[in-house]
Amino acid sequence: MSELLQKIPRHVAIIMDGNGRWAVQRGLARHRGHREGAKSVREVVRGCRSAGVQYLTLYAFSLANWARPKTEVTALMRLLVHFARREVAELREREISVGVIGRPEDLPPVTRRALQELIEKTSSGTRMRLSLALSYGGRNDIARAAREAAEQVRRGEITPEQIDEGWIRAHLSTGDLPDPDLVIRTGGEQRFSDFLAYESVYAEFFFSDLLWPQFNETSLIEAFQWYGTRERRFGKTSAQLQAEAEPSDSR
Ligand code: IPE
Ligand code: IPE
Ligand code: MG
């Protein structure tokens, strides 16, 4: 796939939305949509890995999602256990390591243990990092970093002057991940729903009307093709970027 695309994002982050609607439209219970969505997860993991994406972050369960009906929350927590057990062999084979961002400590013990095992068994993978955002909220993550800063100051480990954008960035739960280059949201909504707020300041946004269970490798390629047409200026001018891209001996 990668030879067809000129520019591959290093870090892709996805708000996987629309599972419930997919199920309801078919007269099924919402949890069936989540189960079907797991197939899209597998396809997108494979697609990103073969395209050469280095970091893939999936928004699987938000802090706000705890407010959903208990039966749906339980079904999602169980699905995570199945996902962890079913995918471990393939993830290892493809040399993909798994991590969690957010508040894994909020998850039920069974889910936590299954994820911990998945993390340990895939830890040698160096080709791609798959991060699952679980019990994740962007504001909460920032607030926790701020609290950690206050505690370190109180203990005399750092001074207030040392707390800058970089310090906060390094103390988010995404501290060991680069900023996302491309954020994809499926399901037709054009909002952020408390995803990577601090990290996405220069991300490109791709919104798809497809419901998550309908999103497949072709949809992913479309998103990458669109990404390839973007000029990422990071505050500079187009002329500056072109000058920087020219080899120095032709100047
Ligand atoms: C996204 O699908 C998955 C999670 C939030 C866990 P939804 O369950 O939000 O699906 P819709 O938006 O209701 O269709
Ligand atoms: C965002 O989807 C969270 C995940 C995809 C896990 P939601 O369906 O929860 O978002 P809202 O409530 O429509 O904003
Ligand atoms: Mg939704």
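**Exercise 1. Find which atoms of D17, R191 and S193 sit by ligand 2, and at what distances.**

Start with D17: in this predicted model, one of its polar side-chain atoms lies 3.1 Å from an oxygen atom of ligand 2.

Next, take R191. An N or O atom in its side chain is 2.7 Å from an oxygen atom of ligand 2.

Then go to S193, where a side-chain N or O atom is 2.6 Å from a ligand 2 oxygen.

Finally, fill in the surroundings. The residues around ligand 2 also include I15, M16, Y59, A60, F61, S62, N65, R68 and R185.

**Exercise 2. Do the same for ligand 1, and sort its contacts with G18, N19 and R68 into backbone and side chain.**

First, get the neighbours. Ligand 1 has 13 residues around it, and the nearest are M16, D17, G20, R21 and R68.

Now the backbone contacts. A polar backbone atom of G18 is 3.3 Å from an oxygen atom of ligand 1, and for N19 a backbone N or O atom lies 3.1 Å from a ligand 1 oxygen.

That leaves the side chain: R68 puts an N or O atom 2.7 Å from an oxygen atom of ligand 1. R68 also turns up on the list of residues around ligand 2.

**Exercise 3. Describe the largest pocket: its volume, its lining and the elements that build it.**

Begin with the volume, which is about 710 Å³.

Then look at the lining. It takes in 34 residues, and M16, N19, Y59, A60 and N65 lie nearest the centre of the pocket.

Where do two or more of these residues come from a single element? That happens in helix 1 (19–25), helix 2 (30–51), strand 2 (55–62), helix 3 (70–93) and strand 4 (128–136). Helix 2 gives the largest share, 5 residues.

Last, sort the lining by chemistry: 17 residues are nonpolar, 9 polar and 8 charged.

**Exercise 4. Work through the salt bridge of R46 and E90, then that of R86 and E87, and say how accessible the residues are.**

Some background first: side chains of opposite charge can pair when their charged atoms come close. The structure holds 21 salt bridges.

In the pair R46 and E90, the N to O distance is 2.7 Å. R46 belongs to helix 2 and E90 to helix 3, so the bridge links distant parts of the chain, 44 residues apart. R46 is partly exposed because its relative accessibility is 34%.

R86 and E87 meet at 3.4 Å, N to O. Here R86 counts as partly exposed, at 45%, whereas E87 is buried because its relative accessible area is 5%.

**Exercise 5. Decide whether E204 and R232 are buried or exposed, and work out what their salt bridge ties together.**

The closest N and O atoms of E204 and R232 are 3.3 Å apart.

Place the partners: E204 lies in strand 6 (residues 204–207), and R232 in the loop between helix 7 (217–228) and helix 8 (238–245). The bridge therefore ties together parts that are 28 residues apart in sequence.

Now apply the cut-off: buried means under 20% relative accessible area. E204 has 15% and counts as buried; R232, also with 15%, is buried as well.

To finish, follow the shared partners. Salt bridges join D17, R21, R185, E189 and R191 into one network. Among its members, D17, R185 and R191 are also found around ligand 2.

Methods:
Residues numbered from 1 in each chain as written. Chains lettered and ligands numbered in written order. Predicted model: local features only at pLDDT ≥ 70, side-chain atom pairs only at ≥ 80, totals over all residues. Heavy atoms only, no water. 1 Å grid on protein atoms, 1.4 Å probe; cavity = no way out; pocket = protein on both sides within 12 Å on 5 of 7 lines; lining within 4 Å. Points joined across faces, edges and corners; volume = space filled by probe spheres on them. Helix = DSSP H or I, 4+ residues; strand = E, 2+ residues; numbered from the N terminus. Nonpolar A, V, L, I, M, F, W, Y, C, P; charged D, E, K, R; others polar. Salt bridge = Lys/Arg side-chain N within 4 Å of Asp/Glu carboxyl O. Buried < 20%, exposed > 50% of the residue type's maximum accessible area, 1.4 Å probe, protein only. Near = heavy atom within 4 Å. Polar contact = N/O pair within 3.5 Å; in protein donor to acceptor, adjacent residues only side chain to side chain.
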